[in-house]
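Good morning, colleagues. Please take a moment to look at the sequence and the structure before I begin.

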Amino acid sequence: FTFYPFTQASAQPYRFEGVLSNQGVNTQDNSVLHVNVMDESGISQDFISNPIAVSSGINDTVATATNFTPDQTGAYNFSYWATSDSFPTTDTTVMSAIVTDTVYGVDYDWASDGANAQGGYFLGKPCGGQVLGNVFDIYADATVTSISFHVSASSAVGNDVKVQLYDIDDPSVIDPILKEESDPYTLQASDIDSWITLKLLNPFPVTAGIAYLAAVKGTISLQDTTMISSSSNENSSSWLQDNCVATTATSTHVPGDWYSIGADGLLIRLNFGVIPAPSGINNIKQSQFNLYPNPTDGVFVIELEENSKYELTVIDILGKTVYNSSINDMNTTIDLSGFEQGVY
């Protein structure tokens, strides 16, 4: 998981594995896997596996003796290399991940700006609306409130989509059970080549030990003009529900069948809701507000139910506060057009 919520990382820490391969003639004694973890401030930790002897022509799987549990959100780089008594070091392989506040993802669009989108899959076909989704394992109970996805630049304005959340009872059987979805949403010009977040009709509690599918559903289209971006991730699992009829007489396919499309790392993310518990406040009143347009180019309006004093906070995808302001009016225009594109 390239975007890993802190609650999940705390329940299921990073476990480092590698395959040591001896392609030489002599046995490699005291062969060790090394992993260095460095956060964005430059603080690092080192992890090693127990030493083993690897005979000529043998591959052997090893894992570090301890796991890594992050203590804060942010970006982390994981550097891997190996040593033995007679071999000082292999080349170093580097992998990265972002520990987030609430965002769960398998894509490599690090800045959430579409820069790392590579191709994708179509949702709208003349024969029916397809469904595309990523599998997410849940290690700690949470509540899903919305799903985000990146609309490929090859998509067209005017097509309808919705997000859906499925329960996967048995990961070995592709038969997801629909649990919740959003209202339909019509793609706007500002949505093309951009991230969109659609909230579920009702927040849905997800349970540790169960896998879920975060998905986007398209509608029938005369042309294949709705595409969800992808960024290949060999450690991910992406699925497609084909709602078209079979095109050959010998096919056993029926509309609604699910298929694995491999490790494509679709740009579809699961978002958890975080509701902090109030402390020392009496007579709590739930304030209502609207925010539009959403998605936005950075300039948007916050519409409140009454004139009063409010504190506005904008938080980025890592859970960091990037903007604070006090507002007093029922309608206030906010200009964040100088910020980087992304999800806030």
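The largest nonpolar core of this predicted model has 50 residues. Which of them touch the most other members? They are Phe 16, Phe 78, Phe 149, Val 206, Ile 268 and Leu 270.

Allow me to take one of these, Val 206, and describe its surroundings. Setting aside neighbours within four places in sequence, Val 206 is in contact with Ile 138, Asp 141, Ala 142, Thr 143, Val 144, Leu 165, Tyr 212 and Phe 272.

Another of the six, Phe 78, leads us to a polar residue, since Phe 78 is among the residues that Asn 36 touches. Asn 36 belongs to strand 3, which spans residues 28-39. Is Asn 36 buried or exposed? Its relative accessible area is 13%, and because the limit for buried is under 20%, Asn 36 counts as buried. Its side chain makes a polar contact of 2.8 Å with the side chain of Asp 46. Beyond four places in sequence, Asn 36 also touches Ser 44, Gln 45, Asn 77, Ser 79 and Trp 81, among others.

I turn now to a lysine. Lys 162 is found in strand 15, residues 160-168. With a relative accessible area of 18%, Lys 162 is buried as well. Which side chain does the side chain of Lys 162 meet in a polar contact? The partner is Glu 181, at 3.4 Å. Not counting residues up to four places away in sequence, Lys 162 touches Glu 181, Ser 182, Asp 183 and Pro 184, and in addition Leu 198, Ala 215, Val 216 and Lys 217.

Note on methods. Residues numbered from 1 in each chain as written. Predicted model: local features only at pLDDT ≥ 70, side-chain atom pairs only at ≥ 80, totals over all residues. Heavy atoms only, no water. Helix = DSSP H or I, 4+ residues; strand = E, 2+ residues; numbered from the N terminus. Buried < 20%, exposed > 50% of the residue type's maximum accessible area, 1.4 Å probe, protein only. Polar contact = N/O pair within 3.5 Å; in protein donor to acceptor, adjacent residues only side chain to side chain. Contact = heavy atoms within 4.5 Å. Core = buried A, V, L, I, M, F, W, Y, C linked by side-chain atoms within 4.5 Å.
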